[in-house]
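Open the model in your viewer and keep the selection tool ready. Each stop says what to select and what is there.

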Amino acid sequence: SDYVLSTARFTRRDKTQMNSDILSIHDISLSFVPDTSSDAPTRILDGLSLNVPRGRITALIGGNGSGKTTLFNIISGLQKSSTGKIWLSSDSSFPPIRIDGYLPAKIPRLGIGRLFQDRQLFPTLSLLENFTVAAGDFTGEFPFSCLASSASLQRSEADREARARTILENLFGPNNKYFTMLDAPGNAFSFGEQRLFSLARLLMPDNTCLLLLDEPTSGVNPTHCNTIASILPNLVHEFGLSVILIEHNMTFVSQIADYCAYLSGGKIAAFGTTDEILNLPEVRASYL
């Protein structure tokens with residue numbers, strides 16, 4: 001069928017085709033070498049290829065241990081694949097850049113934000129500080145320049161705080177309760193709220209173009225799940241972002257994802273619209 005992947009689809013792509021995708025992953029492989037020499041290496045990813053559509057929500061599904069988080073780690077620079085290439089096209093007007101091999105600190109500066117599975121707020125920093133610390137500029141990182149230009153530092157801090165307030169207003173409404181809780185420490189909020197803030201905080205850098213969300217609804221109550229389900233399409237349509245998410249909640253996936261990639265055997269076994277993939281007999285039999 002049209003949505004079952006083939007190697008040729010990923011090896012014969014011109015620049016125009018690549019620019020229609022925000023991320024192009026080609027032939028990624030990774031094996032884990034065991035501690036004892038008697039055991040064979042464990043192949044986690046085996047020539048995985050995937051093109052992520054721009055301006056859409058793409059769900060990455062598959063069984064536990066199928067390599068979904070490992071793929072996120074490779075995109076994020078936290079792990080290095082043994083083979084393969086990854087291109088990011090943050091702006092469709094410019095050629096893609098190859099990002100595999102970049103250091104983890106460089107990846108967010110290219111516009112890729114990542115939400116991990118656990119809570120990520122600094123527990124003793126205020127809610128506002130948890131946002132401003134994630135801004136994309138380098139103000140405050142060079143002590144001597146801060147001493148020499150304190151006025152510039154103050155303006156930058158004011159701009160960060162204004163951006164944080166704008167994000168909270170755009171996502172949660174102009175009269176949301178969090179405006180009265182900006183000085184509350186991070187550990188004063190529930191797990192679900194911390195997940196919401198961790199997601200919202202990814203918007204602090206002004207060049208964010210792609211979000212990698214690792215199980216955004218895991219451990220979150222239904223009310224906050226519904227909030228996340230309303231926020232993500234807003235990020236795509238209003239902020240112009242693209243999203244890849246790992247998720248085991250298939251109700252959530254079918255509700256918000258435009259496309260779905262099924263990972264099995266270290267490869268993307270099938271890719272298509274969410275309805276197409278979730279209704280494939282092999283997906284239903286082996287995963288659902």
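Start at Ser218. Its relative accessibility is 30%, so Ser218 counts as partly exposed; buried means under 20% relative accessible area, exposed over 50%, and partly exposed lies in between (1.4 Å probe, protein chains only). Ser218 sits in the loop between strand E7 (210-214) and helix H9 (222-237). Helices (H or I, at least four residues) and strands (E, at least two) are DSSP runs, numbered from the N terminus. Now add Asn249 to the selection. Its C-alpha atom is 8.2 Å from that of Ser218, although the two are 31 residues apart along the chain.

A word on the ground rules. This is a predicted model, in which local features need pLDDT of at least 70 and side-chain atom pairs count only at pLDDT 80 or more, while totals for chains, interfaces and linings use all residues. Residues are numbered from 1 along each chain as its sequence is written, and side-chain values use heavy atoms, with hydrogens and water left out.

**Colour by confidence**

pLDDT is the predictor's confidence in each residue, from 0 to 100. The chain averages 87, and 89% of the residues score at least 70. Select residues 1-18: pLDDT stays under 50 there, and the model has 30 contacts for this stretch beyond four places in sequence. Contact means heavy atoms within 4.5 Å. Where pLDDT is low, the predicted coordinates should not be read in detail.

**Zoom out**

The chain has 12 helices and 10 strands. Of its 288 residues, 47% are buried. Among contacts between residues at least 6 apart in sequence, 70% join residues at least 24 apart.

**The four-stranded sheet**

Next, show the open sheet with the order E2-E1-E4-E5; its pairing is antiparallel. Strands E2 (42-53) and E5 (97-98) are the edges, each pairing on one side only. Two strands pair if DSSP finds at least two bridges between them. Select E1 (residues 21-32) and E4 (residues 83-88): five bridges join them, antiparallel. Which residue in E4 is the bridge partner of Leu23? It is Leu88. On the E5 side, Leu88 has Ile97 as its bridge partner. E4 and E5 pair over two bridges.

Add helix H3 (residues 68-75). H3 lies across E1, E2 and E4, running at about 115 degrees to E1. Axes are lines fitted to C-alpha atoms, for helices over the stretch in contact, and angles run from 0 to 180 degrees between N-to-C directions.

**Strand E9 and its partners**

Move to E9 (residues 259-264). Strand E3 (residues 57-61) runs parallel to E9, joined by four bridges. Thr58 has Tyr259 as its bridge partner in E9. Strand E10 (residues 267-273) is antiparallel to E9, with six bridges. Here Leu263 stands opposite Ile268. E9 and E10 form a hairpin with two residues between them, and Gly265 in the turn has a positive phi of about 65 degrees.

**Two cores**

A nonpolar core is a set of buried Ala, Val, Leu, Ile, Met, Phe, Trp, Tyr and Cys residues joined through side-chain atoms within 4.5 Å. The largest has 51 residues; Ile61, Leu232 and Leu245 have the most contacts inside it. Its largest share, seven residues, comes from H9. A second, separate core of 30 residues includes Ile25, Ile28, Ile75 and Leu88.

Centre on Leu245. Leaving aside neighbours within four places in sequence, Leu245 has contacts that include Ile57, Leu60, Phe72, Leu213, Leu232 and Phe252.

**An enclosed helix**

Select helix H8 (residues 191-201). Because 10 of its 11 residues are buried, H8 is largely enclosed by the rest of the structure. Charged names are on the buried list too, including Glu193, Arg195 and Arg201. Now show what covers these buried residues: strand E6 (112-115), helix H5 (127-132), helix H7 (150-172), E7 and H9 are included.

**Last stop: cysteines**

Select Cys209 and Cys225. Cys209 counts as buried because its relative accessibility is 7%. Cys225 is buried as well, at 12%. How many disulfides does a search of the whole structure find? Zero, where a disulfide is a pair of cysteine sulfur atoms within 2.5 Å.
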